[in-house]
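Visitor: I should like a close look at one part of this protein, namely its pockets and cavities. Please explain each term as you come to it.

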Amino acid sequence: MFDYSAAFDAAVTQVKDEGRYRVFADLKRVRGQFPKAIRRREDGSEQDVIVWCSNDYLGMGQHPAVLDAMQAEIEAVGAGAGGTRNISGTTRSAVDLEAELAEWHAKEAALLFTSGYVANEATLTTLQRILPGLIVFSDSLNHASMIAGIRNGGCERHIYAHNDLVHLEALLAAAPVDAPKLIAFESVYSMDGDIADLKGTIALAHKYGAMTYLDEVHAVGLYGARGAGVAERDGVQDQIDIIECTLGKAIGVMGGYIAASTAIVDAIRSWAAGFIFTTSLPPALTAGALASVRWLKTHPELREAHQERAATLKQRFAAAGIPVLPSVSHIVPVHVGDPVHCKMISDMLLENHGVYVQPINYPTVPKGTERLRFTPSPNHTDAMMDDLVKAMDRLWTHCNVARMPAAA
């Protein structure tokens, strides 16, 4: 008889031996006090912590406008959506949200999914069913959900070096002229904090007759005059064929979506199994997301504060000799370079200093590039940064982790 338990135990042991076994922190966010949270230890005791790695970049998951909209929706229509949209119908707030999202991204239509992962996986898989012979060109650092969707489609695919448009053009030039093509890439890459050259990528797409598929999950809400993302900031929204985003990061709730032409959205809606056979988002979530998007469109000062906080933390780390990696976005990655040290520092920050930041290890990043990834929000104060930098400085010495020259 096959020993199933031994196989599962061995799989977990391998992860532990490599120093990348993850333990979930039991955290209770406190309404109205983000980024403060209460951690429950294994012995049942509680600890006040500051969350430094949330993807709720702007604290919209705690915003009164969002909470009020969600509570009102529950009172009005109840908790669940009742099933898939094809069978149970569509919640009114979902229809309104799709219209709001389409307008936000300067597109004709939008389509909701249950998560950003599902939006990517379902759409990229389905495009390959609708476009026989499609050749996909994918950035080497694309998210796992994009990789899964591209692989599941089964069409020819080529991986180009990260943000390397010379390599991308060489691959495009070698492809058959009459074949349908798709360039899949992200705007903000969340582990390194770099940003793609959208205008250059679009120019190549036009030159070689390719469609463009842009993942803006780490940019939506955060960039552009109305927060629609880097494509809005760079003035190229109308030149991107499909924009994919999440509702679970800067928007502050849960879900994902694509925005595109009416024809593309209707085709994906009609063909994508990940949409057709999935229960719809609860109406409270769609109502909350709608309120969040409407608020973000008209409050650029929140984005300005967010960028200032990220720049300030980078400066403070550099001044202390903490090896913050180059980043042109709001992401603040600190290099550790070893999975055991990375987890050790993370554990000590939490237990001894009330600082919650998760270690980022393989396979999320390549081995040897392990890091701590900080995402300061407008709610992180100077005093919180003072405490964080002091703790990091102390642990860098304690754990004998390489520093960079202190900034003048």
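Guide: What follows treats the open pockets and then the enclosed cavities. This is a predicted model, in which local features need pLDDT of at least 70 and side-chain atom pairs count only at pLDDT 80 or more, while totals for chains, interfaces and linings use all residues. Residues are numbered from 1 along each chain as its sequence is written, and side-chain values use heavy atoms, with hydrogens and water left out.

Rolling a probe the size of a water molecule over the atoms shows where empty space is left. Here the search runs on a 1 Å grid over the protein atoms alone: a cavity is a set of points where a 1.4 Å probe fits but cannot get out, whereas a pocket is an open set with protein on both sides within 12 Å along at least five of seven lines. A residue belongs to the lining if it has an atom within 4 Å of a point. Grid points are joined across faces, edges and corners, and a volume is the space filled by probe spheres set on the points.

Let us begin with the largest pocket, whose volume is about 1200 Å³. Its lining comprises 40 residues, and those nearest the centre are His-143, Ser-190, Met-191, Ile-360 and Thr-364. Several helices (DSSP runs of H or I, at least four residues) and strands (runs of E, at least two), numbered from the N terminus, may be named here. Strand S1 (27-29), helix H5 (116-130), helix H6 (144-153) and strand S14 (371-374) each contribute at least two residues to this lining. For the chemical classes, Ala, Val, Leu, Ile, Met, Phe, Trp, Tyr, Cys and Pro count as nonpolar, Asp, Glu, Lys and Arg as charged, and the others, Gly among them, as polar. On that basis, the lining of the largest pocket holds 18 nonpolar, 13 polar and nine charged residues.

The second largest pocket has a volume of about 400 Å³. Of the 22 residues that line this pocket, Val-23, Phe-24, Arg-39, Asp-347 and Leu-350 lie nearest its centre. Strand S2 (36-40) and helix H14 (339-353) each supply at least two lining residues, and H14 gives the most, with five. The classes in this lining are eight nonpolar, four polar and ten charged.

We now turn to the enclosed spaces. There are two cavities of 30 Å³ or more. The largest cavity contains about 120 Å³ of space. Around it stand Arg-85, Ala-94, Leu-112, Phe-113, Thr-114, Gly-274, Phe-275, Thr-278, Thr-279, Ser-280, Leu-281 and Thr-286. Strand S4 (109-113) and helix H11 (273-276) each provide at least two of these lining residues. By class, the lining of the largest cavity has five nonpolar residues, six polar and one charged.

The second largest cavity holds about 40 Å³ of space. Its lining is formed by Ala-81, Gly-83, Arg-85, Gly-89, Thr-90, Thr-91, Ala-94, Ser-280 and Leu-281. These residues divide into three nonpolar, five polar and one charged. Reading the two linings side by side, one finds Arg-85, Ala-94, Ser-280 and Leu-281 around the largest cavity and again around the second largest cavity.
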